[in-house]
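Notebook open, coffee poured. Today I am looking up a sheet and a helix, and I will jot things down as I go.

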There are 2 protein chains.
Amino acid sequence: MDIPHVYLNGHIVPLAEAAISPLDIGLLRGYAVFDLLRTVGGRPFLLTEHLKRLRASADELNLKVPVDDATIAQAIERLLELNQHAEATVRLLLTGGVSPDGRTASDGDPTFLILTHELQDLAPNVYEDSVGLMLVEHARELPQAKSTNYLTMLKRMPDAKETGNMSILYHKDGRISEAASASFYIVKDEVILAPSAGVLYGTVGPRILALAEKSGHRVIRGQITLDDALAADEAFITSTTRGVVPIVRLSQNTIGTGRPGPVTRKLIGLFKQLLQEAYCAAQDQCSKRSRSASIALSETALDPP
Amino acid sequence: MDIPHVYLNGHIVPLAEAAISPLDIGLLRGYAVFDLLRTVGGRPFLLTEHLKRLRASADELNLKVPVDDATIAQAIERLLELNQHAEATVRLLLTGGVSPDGRTASDGDPTFLILTHELQDLAPNVYEDSVGLMLVEHARELPQAKSTNYLTMLKRMPDAKETGNMSILYHKDGRISEAASASFYIVKDEVILAPSAGVLYGTVGPRILALAEKSGHRVIRGQITLDDALAADEAFITSTTRGVVPIVRLSQNTIGTGRPGPVTRKLIGLFKQLLQEAYCAAQDQCSKRSRSASIALSETALDPP
């Protein structure tokens, strides 16, 4: 990663000068939350949603983001100027600060860090190909918080990759929660089913579901069992960096026809349209014509090969 | 905490110069394990056991401690010389190193850190007083690894303290596992019951149990239900920094008579004896007389007030 500058506790400094204390409770006891957003056309995408979620995560851990949204937006803007990515991901990390005793967070003096990275686009064929998730029995601790605890993901991801999977799907006590770093949804009889408990509130996911509802799809939010998932017509994940990705295999089990289904394909198109609109807005060059053209392009790209 | 020098990746440096990268996967994704030992008479206590456990924790996360035991022992010795504690705790922290992408550990280049702190002795009356644990529904992720993930402990500890508890006891699906940073045992009809699954392998605990067995107590290792715990005659925790501490309350439930019981009191005596022997060995001044004197002292101190 090429990250020349970072924001650390109010200062923008070269990465090499950004020292985290060995006594930071985020390091000693994993007491930290984060959020990760992407840029579109060089501008933060869904910034409001990500900042809202960061504050909600912080609340879950009784932490407080030490600066207001405008200050964060300004810091991000400055970092993007300095770091000159084509498109970027922006990571906001909040820890309990330097611990006085190795067991507790600092008293009101958190560590707040902003890092930017070059956005790594997925191979375009991931939206067409047979992407699988490995089933792993696990439920995230404090699921409403986007904590930095990714023990199970990092431990199991090499197995997942070796067995040809893109990522991992968590299930516990017969119920599905979420993918390792994405929301997970299924489609049955054209109805979209969204797990509503024990999961992190998504940023892209709810936006996609709202678009789906607007375009006439029924969405049911509730409990999804592993059996539901295995019997689904379609499945897909949503994430900040990956958008909507069709899932056609859960470990050895084929979902639906084993090919991206019509509802998922439609949602991929809706998301591309959303990105395109954000891109137009960022470039300040949206026109009705270019918008329709880009939609047509997205839909063409989604036709089966 | 006054920690003038630390060991970081092969170098002993002043704390202020020990910079952890903002890209360390231990910080970004909580991918890290640690161990914590104490000194007795200025010498590391149960060092072999702690190093064995550190390596076992590392294995669980597919990490590797980058140096051998002799190098670690030497680094600890040097830190203790430099940092001049009366008695110390020594923290060994191993992370997956600087992440190349924010999602994965470094390829074979971990971060290995050693910190020393002044040992904070518990108030002596904790061994006599009515110490309680707050019941919290939770089971640690990857329980065989001493990972840095203490989300639930740090989030819930303020509640526990406010309601007059020393710490937290985890239970899940009707079963007891361990206290937030200690092993937990119960006594029923003079038999000591030790949870054997879903728990971290203790360092002090197994030593205490071995001493108990040697002195004629039966120890059963297996599953302990929450109901077993609530119906126990006695309960106690063991930990590196606290030794053996009697537990007489679990949330609102009194255990046994509500006073430290005879088996627990005996184990406290056995542990004090162990510490005394370690102290003598460290000072190179063990004599039969001083050893017996110290035992007598420990037992006197344990008489009811």
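My entries below begin with a sheet in one chain and then turn to a helix in the other.

**Entry 1, the sheet.** I note at the start that this is a predicted model. I looked up the strand order in chain A and found an open sheet of six strands, E2-E1-E6-E5-E3-E4, with antiparallel pairing. Strands E2 (11–14) and E4 (43–44) of chain A each have a single partner strand, so one side of each has no neighbour in the sheet.

**Entry 2, one edge.** I then checked how E4(A) is held to its partner: E3 (residues 32–40) of chain A pairs with it in the antiparallel sense over two bridges. Across this pairing, Val40(A) stands opposite Arg43(A).

**Entry 3, helices on the sheet.** H2 (residues 47–60) of chain A packs on the sheet and touches E3, E4, E5 and E6 of chain A, with its direction at about 175° to that of E3(A). H7 (residues 262–283) of chain A touches E3 and E4 of chain A, and its direction makes about 75° with that of E3(A).

**Entry 4, H2 in chain B.** Which residues of H2(B) are buried? I listed Leu47(B), His50(B), Leu51(B), Arg53(B), Leu54(B), Ser57(B) and Ala58(B). They cover an arc of only 160° around the axis, so they lie on the same side of H2(B). A helix has 3.6 residues a turn, so residues three or four places apart point the same way. The face turned away from the buried side carries the exposed Thr48(B), Lys52(B) and Asp59(B). Among the elements covering the buried residues are E3, E4, H3, E5 and E6 of chain B.

**Entry 5, the end of the helix.** After H2(B) comes Asn62(B), with a positive phi near 55°.

Conventions. Residues are numbered from 1 along each chain as its sequence is written. Chains are lettered from A and ligands numbered from 1 in the order in which they are written. This is a predicted model: local features need pLDDT of at least 70, side-chain atom pairs count only at pLDDT 80 or more; totals for chains, interfaces and linings use all residues. Side-chain values use heavy atoms; hydrogens and water are left out. Two strands pair if DSSP finds at least two bridges between them. Contact means heavy atoms within 4.5 Å. Axes are lines fitted to C-alpha atoms, for helices over the stretch in contact, and angles run from 0 to 180 degrees between N-to-C directions. Buried means under 20% relative accessible area, exposed over 50%, partly exposed in between (1.4 Å probe, protein chains only). The arc is that of the directions from the helix axis to the C-beta atoms.
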